[in-house]
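Thanks for making the time this morning. I would like to walk slowly through one structure with you, so please keep the picture open while I talk.

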Amino acid sequence: MTMHKTVDVSVDAMLDDLRTLVEIESPSRDVDALRASAEAVAAVIEDRLGGRAVLIESEAGPHVHWSAGGDPAVLVLGHHDTVFPLGTLERRPFLVADGKATGPGVFDMLGGLVQAIHGLAALDDRSGVEILVTADEEVGSRSSRALIEERALACGAVLVFEGAADGGALKTGRKGCGTFQVSVAGRASHAGLEPAAGVNALVEASHQVLDIAALGRPEIGTTVTPTVASAGTLDNVVPAEATVIVDVRVESAEEKDRVEAAFAALAPHLDEAEIAVEGSVGRPPMPESASAELFALAQRLLPGLEGKAVGGGSDGNFTAALGVPTLDGLGAVGGGAHADHEFLLVGAMAERARLVAGLVRAMRNR
């Protein structure tokens with residue numbers, strides 16, 4: 001089975017909508033900016049698909065939900081927040097040149113949203129399809145997770161429109177990921193007059209960094225990476241406080257449990273030092289088994305399409321952990337997520353929009 005050639009999509013129209021969304025900046029946690037962004041996303045959905053897109057309020061900003069009606073069958077999942085601060089657009093405006101679209105959020109993940117909407121618009125029958133576009137994916141999805149899980153369970157299948165993997169591959173598996181913060185409490189003293197009277201939080205933190213780094217098992221996909229540290233106040237004071245932030249990625253639920261237990265068991269090396277640990281592997285792993293059925297459908301529609309398991313997390317981790325079939329990386333083909341060189345390949349937009357339409361048709365006929 002190959003892609004239906006009758007599916008008609010306009011790249012120019014997609015680029016128009018992409019420009020509209022990119023030019024309304026939407027940094028995570030900026031609720032006012034996210035409200036404007038949500039309203040723009042809702043307007044594009046309503047313009048292309050009809051019906052009404054509802055804004056669902058949250059402390060993180062509005063999420064956008066649209067339903068075609070009928071029995072829920074397919075959840076199209078994305079987010080409209082980006083990692084770029086206000087003012088990025090002035091420095092890096094939306095631009096289409098040399099076959100690429102550039103600008104903050106084109107790849108992660110406004111391009112994917114636009115492709116999904118236009119792909120669905122090409123379908124005569126959209127019954128059973130829902131779209132959920134959240135406002136806080138880039139900062140952990142704390143306000144949207146319950147809603148994502150509710151709609152995923154109701155629909156029974158999820159298509160995630162995060163950017164594609166390298167070479168345009170779909171994302172068939174994802175590591176679980178989380179952040180931990182280790183806080184060290186020591187005791188200040190004068191570094192010259194009586195250093196022994198203090199408890200050096202920086203020295204204790206250094207011990208902890210080595211213990212933490214040793215928790216990684218890269219040969220089975222577990223990475224434990226200290227990323228940010230802070231300690232001390234003045235150059236002649238024994239530091240009384242220190243913090244270490246750690247990025248954790250795991251491929252299995254067993255490793256999630258092991259690493260979380262190891263963080264909970266961290267113990268101080270210096271007498272009178274105290275440590276406290278916060279955090280968890282908040283996004284569970286997305287096993288490749290969760291995407292197998294949907295990926296097979298996609299390969300029949302687009303022969304030669306590849307799939308890759310990747311290290312980054314998405315909201316698809318949550319839906320896959322519920323046992324709901326989930327296929328990710330259906331969005332823009334390009335690269336540079338979270339970077340100044342972020343780009344989308346214009347030449348792939350029509351094919352990816354048609355893939356959306358083909359997948360929804362095929363999923364209905366399973």
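Let me begin with a term that we shall need: a residue counts as buried when its relative accessible area is under 20%. Please also keep in mind that what you are looking at is a predicted model.

With that cut-off in hand, take the cysteine C177, which has a relative accessibility of 12% and therefore counts as buried. C155 can be treated in the same way, since its relative accessibility is 6%, so C155 is buried as well. Now, a disulfide is a covalent bond between the sulfur atoms of two cysteines. How many disulfides does a search of the whole structure find? The search returns 0.

C155 leads us to helix α5, which covers residues 145-155. The buried residues in α5 are L147, I148, E149, R151, A152 and C155, and they pack against several strands, namely β1, β2, β3, β6 and β7, and also against α9. Just after α5 comes G156, whose phi is positive, at about 85°.

Let me turn to how some of the helices cross. Helix α4, residues 106-121, and α10 have axes that come within 8 Å and cross at roughly 55°, and α4 and α10 are therefore described as oblique to each other. Their crossing is right-handed. Which residues of α4 meet α10? On the α4 side they are Q115, A116, G119 and L120, and on the α10 side their partners are M349, R352, A353, V356, A357 and V360. Sorted by class, this contact between α4 and α10 has 7 nonpolar, 2 polar and 1 charged residues.

Before leaving α4, please look at M109, which lies in that helix, because the peptide bond that joins D108 and M109 is cis, with omega at about -5°.

Helix α10, residues 349-364, also meets helix α8, residues 292-301, and here the axes come within 10 Å and cross at roughly 120°. That angle makes α8 oblique to α10, and α8 passes α10 in a right-handed crossing. The residues of α8 that take part are L294, L297, A298 and L301, and they meet L355, G358, L359, A362 and M363 in α10. By class, the contact of α8 with α10 has 8 nonpolar residues, 1 polar residue and no charged ones.

Finally, let us visit three residues in loops. R29 sits in the loop between α1 and α2, and its phi is near 80°, a positive value in a residue other than glycine. Is R29 buried or exposed? Its relative accessibility is 65%, so R29 counts as exposed.

H338, in the loop between β15 and β16, likewise is not a glycine and has a positive phi, of about 70°. With a relative accessibility of 43%, H338 counts as partly exposed.

The third is H190, which lies in the loop between β9 and α6 and is partly exposed, with a relative accessible area of 34%. Leaving aside residues up to four places away in sequence, H190 touches P195 and N236. If you would like a distance to try on your own screen, the C-alpha atoms of H190 and S143 are separated by 45 Å, and these two residues are 47 residues apart along the chain.

Notes: Residues are numbered from 1 along each chain as its sequence is written. This is a predicted model: local features need pLDDT of at least 70, side-chain atom pairs count only at pLDDT 80 or more; totals for chains, interfaces and linings use all residues. Side-chain values use heavy atoms; hydrogens and water are left out. Axes are lines fitted to C-alpha atoms, for helices over the stretch in contact, and angles run from 0 to 180 degrees between N-to-C directions. Helices (H or I, at least four residues) and strands (E, at least two) are DSSP runs, numbered from the N terminus. Angles under 35 degrees count as roughly parallel, over 145 as roughly antiparallel, 65 to 115 as roughly perpendicular and the rest as oblique. A crossing is left-handed if the near helix is turned anticlockwise from the far one by less than a right angle, and right-handed if clockwise. Contact means heavy atoms within 4.5 Å. Ala, Val, Leu, Ile, Met, Phe, Trp, Tyr, Cys and Pro count as nonpolar, Asp, Glu, Lys and Arg as charged, and the others, Gly among them, as polar. A disulfide is a pair of cysteine sulfur atoms within 2.5 Å. Buried means under 20% relative accessible area, exposed over 50%, partly exposed in between (1.4 Å probe, protein chains only).
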